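Please follow the charged side chains of this protein through its strands and helices, with the structure open beside the text.

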Amino acid sequence: MQEILTLREIETRFESEWVLVEDPEFDEQLQVLRGKVIFHSKSRDELDEMDNELQPKSAAYLYTGAMPENTAIVL
C-alpha cells in the first residue's frame with residue numbers, strides 16, 4: 001500500500017488490528033496524524049516480525065481496537 005492515510009482512515013480500514021505505519025506524521029502531543037500503512041495484523045508478534053524484516057527508517061505502531069480494562073502499556 002503506497003497511499004498516505006489519516007489516522008481516522010487507518011482506524012476504519014484496519015479495525016481492531018496492529019498497524020505498522022511508515023513515515024508517520026505526528027502532532028504536538030506525538031499522536032499519529034497520518035502515514036503509509038506497510039503492514040497490519042491481528043497479531044502483535046507478526047507486526048514485530050515484519051518490522052524487523054522491513055526495517056523502515058521511521059515507523060509507528062498503532063492498535064486500532066479498544067484496550068481491555070487494566071491493560072498496562074509500555075512505551
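Glu17 sits in the loop that runs between helix H1 (7-13) and strand E2, and in this predicted model Glu17 is buried without having a salt bridge. The nearest side chain of opposite charge is that of Lys42, 4.9 Å away, and because a salt bridge requires a side-chain nitrogen of Lys or Arg within 4 Å of a carboxyl oxygen, Glu17 and Lys42 are not counted as a pair. The side chain of Glu17 does have a backbone partner, since one of its polar atoms lies 3.3 Å from the backbone nitrogen of Ser41.

Elsewhere, opposite charges do meet, and the structure holds four salt bridges. One of them joins the side chains of Glu22 and Lys36, with N and O 3.3 Å apart; Glu22 belongs to strand E2 and Lys36 to strand E3, so this pair ties together parts that are 14 residues apart in sequence. Lys36 is buried, with a relative accessible area of 17%. A further salt bridge links Glu25 with Arg34, whose closest N and O atoms are 2.8 Å apart; here Glu25 is partly exposed at 38% relative accessibility, and Arg34 is partly exposed at 31%.

Between strand E2 (18-26) and strand E3 (32-41) comes a loop that contains Leu30. Most residues other than glycine have a negative phi, but Leu30, although not a glycine, has a positive phi of about 65 degrees. Leu30 is also exposed, with a relative accessibility of 65%.

The path then leads to helix H2, at whose start a side-chain oxygen of Ser43 reaches to within 3.3 Å of the backbone nitrogen of Asp45. Within H2, Asp48 forms a salt bridge with Arg44, their closest N and O atoms being 3.2 Å apart, and the two residues are four apart, about one turn of the helix. Both are partly exposed, Asp48 with a relative accessible area of 26% and Arg44 with 36%.

Asp45, which lies in helix H2 (residues 44-54), is exposed at 55% relative accessibility. Together with Glu46, Glu49 and Glu53, Asp45 forms a patch of negative charge on the surface.

After H2 comes Gln55, located in the loop between H2 and strand E4 (59-63). Gln55 likewise is not a glycine and has a positive phi, of about 45 degrees, and Gln55 is exposed, with a relative accessible area of 62%.

Technical notes:
Residues are numbered from 1 along each chain as its sequence is written. This is a predicted model: local features need pLDDT of at least 70, side-chain atom pairs count only at pLDDT 80 or more; totals for chains, interfaces and linings use all residues. Side-chain values use heavy atoms; hydrogens and water are left out. Patches are made of residues with over 30% relative accessible area and no salt bridge: like charges are joined within 9 Å, nonpolar side chains (Val, Leu, Ile, Met, Phe, Trp, Tyr) within 5 Å. Accessible areas come from the Shrake-Rupley method with a 1.4 Å probe; for residues, only the protein chains shown count as cover. Lys and Arg count as positive and Asp and Glu as negative; His and the chain ends are not counted. The place of a charge is taken as NZ of Lys, CZ of Arg, CG of Asp or CD of Glu. Buried means under 20% relative accessible area, exposed over 50%, partly exposed in between (1.4 Å probe, protein chains only). A polar contact is a pair of N or O atoms within 3.5 Å; within protein, one must be able to donate a hydrogen and the other to accept it, and residues adjacent in sequence count only if both atoms are side-chain atoms.
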